[in-house]
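Please look over the sequence and the model shown below. The report that follows deals with the domains, the interface that they share, and some backbone details.

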Amino acid sequence: MSNSNKVTYKEAGVDTEKGQEFVKRIKTNVASTHNKNVLGGLGGFAACYDVGFLKSYQEPILLSGTDGVGTKLQIARLLDIHDSVGIDLVAMCVNDILVNGGKPLFFQDYIACGKLFLPRMEAIVSGIVKGCQLADCALVGGETAEHPGVMPDDEYDLAGFVVGVVEKQKMIDGRTIKVGDSIIGLGSSGPHSNGFSLIRRLLLKDGKLPSSTAELDFLKDHIFQPTKIYVKTILSLIEKFSIKGMVHITGGGFYENIPRVLPKGIGAEITHLPESYVFSKLEKDYALDRHDMYGTFNMGIGYILVVDPSHTDDVMSELKSLGEDVYLIGKTNSTEKITIK
């Protein structure tokens, strides 16, 4: 039989040699997140993490979370800025397990792309490494998959997975929240990684970047900022103070996320949100309904803590000393509803 009609894997769109080169390029960067618990290096079939230190826990509870960056990636592609979405990816996962008081241990990523463009992939991984450093967790492995014919060459998608740990007796789950507790908000860095399907519809014209310099700068300098990682702040705080409940304001905004931590019979009244340049501008420029905005965006508050009223001032003072923008934004009540004034 003639070999003239045979097609190689590379000709079909998957370049395994380039994939091997990619792993070589990122090994040193990834290794910068490793600690003594990471066994072996990058590139094995499985990532190995020594959990012998859990012997020091009385009742260790493992926490896990997985998430992505959503359609913010479309803006990353248009701006040709790909490192910050790596930070977003880590943030969306670690902030979720942090709500229970979880310390992130290790992280894995999955990158699907139409074609493996090495500089772009390296930028993404450099952002993931930065995110892991900010969260003090190890990047132990991941997968990069080319999908020729399924995804356009220029597109990619990201997913992340984190595992963390918390002492069972120190787990924060909202069960002790009562009527009259204080609700403290920590400032966000912008929309983080939520609401971008709406943002793209508002700011992009026919799927393209804004033509005016002012609109482009707003998109790049305010809208596109990476998601804030609250791990080091919160883990330091809970060593000193008893926190009743915490909320990561992600998809669904205030109306969907706050109830997730409240016991039955408890509601919340939000009364003193800070002025946010980003969200005030979006509301004004595009005549957005404020109620819908609170159900879509974080409105300048990326993370919420519920504390006993007697601890409010001390907790807020500590958070400020840790470098956070801190606001007393409301209190719990007996309505079983989330109301925003």
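## Domain arrangement

The centres of domain 1 and domain 2, taken over C-alpha atoms, are separated by 25 Å. Domain 1 covers 9-170 and domain 2 covers 181-340, with bounds that come from an automatic or database domain assignment. To the contact, defined as heavy atoms within 4.5 Å, domain 1 gives 30 residues and domain 2 gives 31 residues.

This is a predicted model, in which local features need pLDDT of at least 70 and side-chain atom pairs count only at pLDDT 80 or more, whereas totals for chains, interfaces and linings use all residues. Residues are numbered from 1 along each chain as its sequence is written, and side-chain values use heavy atoms, with hydrogens and water left out.

## Area and polar contacts at the interface

About 2500 Å² is buried between domain 1 and domain 2, with 73% of it on carbon and sulfur atoms; buried area here is the accessible area (1.4 Å probe) that two parts lose on being put together, summed over both. On the side of domain 1, Lys72, Ile75 and Leu98 lose the most area to domain 2, and together they account for 24% of what that side buries.

Across this interface the rule finds zero salt bridges, a salt bridge being a side-chain nitrogen of Lys or Arg within 4 Å of a carboxyl oxygen of Asp or Glu. Twelve residue pairs, both at pLDDT 80 or more, are nevertheless found in polar contact across the interface of domain 1 and domain 2. A polar contact is a pair of N or O atoms within 3.5 Å; within protein, one must be able to donate a hydrogen and the other to accept it, and residues adjacent in sequence count only if both atoms are side-chain atoms.

## Elements on the domain 1 side

The side of domain 1 that touches domain 2 draws at least two residues from each of α2 (72-79), α3 (84-98), β4 (103-113) and α4 (118-135). These are DSSP runs numbered from the N terminus (helices H or I, at least four residues; strands E, at least two). The largest share of that side, eleven residues, comes from α3.

## Positive phi values

Aspartate 80, in the loop between α2 and α3, has a phi near 60°, a positive value in a residue other than glycine. At 53% relative accessibility, aspartate 80 counts as exposed (buried is under 20% relative accessible area, exposed over 50%, partly exposed in between; 1.4 Å probe, protein chains only).

Glutamate 336 lies in the loop between β11 (326-333) and β12 (338-340), and its phi is likewise near 60°. Glutamate 336 counts as partly exposed, at 49% relative accessibility.
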